[in-house]
Amino acid sequence: MSTMTELSGGPSLPQQRKLVTEIPGPASRELMARKRAAVADGIGTVMPVFAARAGGGIVEDVDGNSLIDFGSGIAVTSVGNSAEAVVRRASAQLARLTHTCAMVTPYESYVEVCEELARLTPGDHAKKSILLNSGAEAVENAVKIARYHTKRQAVVVFEHGYHGRTNLTMALTAKSMPYKHGFGPFAPEIYRVPMAYPYRWPTGPERCAEEAAAQVIDQISKQVGATETAAIVVEPVLGEGGFIVPARGFLPRIAAFAAEHGIVLVADEIQSGFCRTGQWFACEDEGIVPDLITTAKGIAGGLPLAAVTGRAEIMDATHVGGLGGTYGGNPVACAAALGSIETMRELDLAARARRIEEVMRPRLEALAAEHPLIGDVRGRGAMLAVEIVTPGTKDPDPRATAAVAAACHSAGLIVLTTGTYGNVLRFLPPLVIGEDLLGEGLDIVGEALAKV
């Protein structure tokens with residue numbers, strides 16, 4: 001077992017891939033039949049295996065197969081599954097109390113999490129937070145707060161952006177299928193502008209940042225009205241849109257424009273935050289200090305928790321009772337978050353994410369040189385992706401992407417697809433994964449590409 005996995009303190013699972021049945025095995029197939037009978041069809045399944053245990057970089061299924069984890073439950077278990085500090089703190093909290101509602105009788109752990117968020121998020125200004133249940137809820141509340149603070153209505157979002165599945169966040173999200181199709185009508189006063197997508201920018205990546213920023217500023221100024229705009233909501237590294245890293249220089253231009261016109265800049269760091277990209281938050285890479293930042297996923301080691309953190313004067317704008325929710329900042333989830341943050345600090349998981357990129361990126365670039373299916377390799381830290389295209393073109397190839405993912409799954413590697421065009425293979429390993437498993441997982445990706 002690798003040193004990093006031992007330090008993670010998770011379940012003492014052997015850190016090696018082992019297949020004892022076909023994928024899925026008989027026990028998983030039986031459970032899948034029960035799922036079809038009892039669970040709504042709208043809840044999809046990426047990989048039809050049922051998990052029994054997990055830790056380090058391994059997920060063990062109900063058939064006894066040990067699978068390499070390049071998904072982390074969609075960037076949630078960054079500290080590993082059942083990390084020692086998360087289990088210790090959450091278990092102790094379970095024994096004390098599970099709920100009182102923070103709006104009825106508060107508890108210290110809610111305050112502690114908000115204090116940690118004030119310390120960790122970018123900027124040295126006074127900050128306050130609210131705690132919620134999900135990323136979508138965090139984004140929705142950020143928009144509420146921005147509108148209340150500015151007394152404006154318009155919200156600007158970006159092509160390829162993803163912000164959630166509630167009615168308002170579906171309106172903010174760019175992609176129709178499967179997120180928005182058939183679920184309208186959506187909330188009004190949402191305006192979409194271009195994203196600086198280097199691989200697909202018409203005049204090339206070198207001109208992408210300057211031209212995209214100019215287009216965005218022109219559209220907001222002329223079509224929306226800067227003085228009508230409450231918020232600009234942006235993912236510093238796009239998640240479901242395809243792990244797009246905006247061209248360098250684009251985000252600082254947008255941030256400066258927002259500041260100049262009193263527009264609240266909201267950084268959606270739900271997938272990219274908490275050490276995932278090699279820093280505590282992805283917006284730190286270009287020195288962006290957002291007015292509000294939304295977090296979830298990696299914050300609590302797998303328990304449901306989300307937050308909006310921002311400038312105290314903006315967060316305090318709303319009336320008492322205007323923000324909240326019955327379960328927001330549940331004490332067990334808060335305890336887990338404190339354990340997750342403790343683990344990230346003690347193991348320096350931001351540095352570990354940078355090391356994962358050092359291991360993975362050269363291998364992915366070598367695969368791109370070997371396989372013309374790969375049009376682009378991108379991402380930062382342990383948030384990496386390859387875009388699959390028809391060889392010799394930039395035409396998206398979602399069928400080939402699905403085939404590569406399926407081949408990986410059959411070989412015991414959990415991978416996820418993403419992207420507006422469904423043609424991006426993304427890699428989100430736990431930050432405590434051993435380098436031997438990283439290498440073996442990349443071997444499987446290479447074999448899958450060769451098959452396709």
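Visitor: Why is the meeting of the side chains of glutamate 342 and arginine 89 called a salt bridge?

Guide: The term asks for a side-chain nitrogen of Lys or Arg within 4 Å of a carboxyl oxygen of Asp or Glu, and the side chains of glutamate 342 and arginine 89 meet at 2.9 Å, N to O, so the pair fits the definition. Glutamate 342 lies in helix 11 (residues 331-347) and arginine 89 in helix 4 (residues 84-96), and the pair therefore ties together parts that are 253 residues apart in sequence. The model is predicted, with local features needing pLDDT of at least 70 and side-chain atom pairs counting only at pLDDT 80 or more, while totals for chains, interfaces and linings use all residues. Residues are numbered from 1 along each chain as its sequence is written, and side-chain values use heavy atoms, with hydrogens and water left out.

Visitor: What makes glutamate 342 count as buried or exposed?

Guide: The classes rest on relative accessible area, where buried means under 20%, exposed over 50% and partly exposed in between, with a 1.4 Å probe and protein chains only. Glutamate 342 has 16% relative accessibility, so this residue counts as buried. Its partner arginine 89, at 30% relative accessibility, counts as partly exposed.

Visitor: How do you know that arginine 380 and aspartate 285 meet in a salt bridge?

Guide: Their side chains come to 3.6 Å, N to O, which satisfies the limit already given for the term. The pair links distant parts of the chain, 95 residues apart, with arginine 380 in strand 11 (residues 374-380) and aspartate 285 in the loop between strand 8 (264-268) and strand 9 (292-295). Arginine 380 counts as buried because its relative accessibility is 15%, whereas aspartate 285, with a relative accessible area of 26%, is partly exposed. Elsewhere, salt bridges that share partners join Glu84, Arg88, Arg89 and Glu342 into one network.

Visitor: What do the side chains of arginine 17 and glutamate 440 form where they meet?

Guide: They meet in a salt bridge at 2.8 Å, N to O. Arginine 17 lies in the loop between helix 1 (3-8) and helix 2 (26-38) and glutamate 440 in helix 14 (residues 435-451), so the pair ties together parts that are 423 residues apart in sequence. Arginine 17 is partly exposed because its relative accessible area is 30%, and glutamate 440 is partly exposed with 25%. A search of the whole structure finds 24 salt bridges.

Visitor: How do you know how many helices and strands the chain has?

Guide: Helices and strands are DSSP runs numbered from the N terminus, a helix being H or I over at least four residues and a strand E over at least two. The chain comes to 14 helices and 15 strands.

Visitor: Why does the radius of gyration of the chain agree with a compact globule?

Guide: The radius is taken over C-alpha atoms, and the globule rule is 2.2 Å times the number of residues to the power 0.38. For 452 residues a compact globule would have a radius near 22 Å, and the chain has 21 Å, so the values agree. The C-alpha atoms fill a box of roughly 60 × 60 × 45 Å along the principal axes, and buried residues make up 58% of the 452 residues.

Visitor: What makes alanine 230 buried, and which residues does it touch?

Guide: Alanine 230 has a relative accessible area of 0%, so this residue is buried. Its place is in strand 7 (residues 229-234). Contact means heavy atoms within 4.5 Å, and, not counting residues up to four places away in sequence, alanine 230 touches Ala146, Arg147, Thr150, Arg152, Gln153, Ala154, Ile263 and Val264. Across the chain, among contacts between residues at least 6 apart in sequence, 74% join residues at least 24 apart.

Visitor: What makes the phi of histidine 160 a value to point out?

Guide: Phi of histidine 160 is near 75 degrees, a positive value in a residue other than glycine. Histidine 160 is found in the loop between strand 5 (154-158) and helix 7, and its relative accessible area of 10% makes this residue buried. Aspartate 348 also has a positive phi, about 45 degrees, although it is not a glycine. Aspartate 348 is found in the loop between helix 11 and helix 12 (349-370) and, at 41% relative accessibility, counts as partly exposed.
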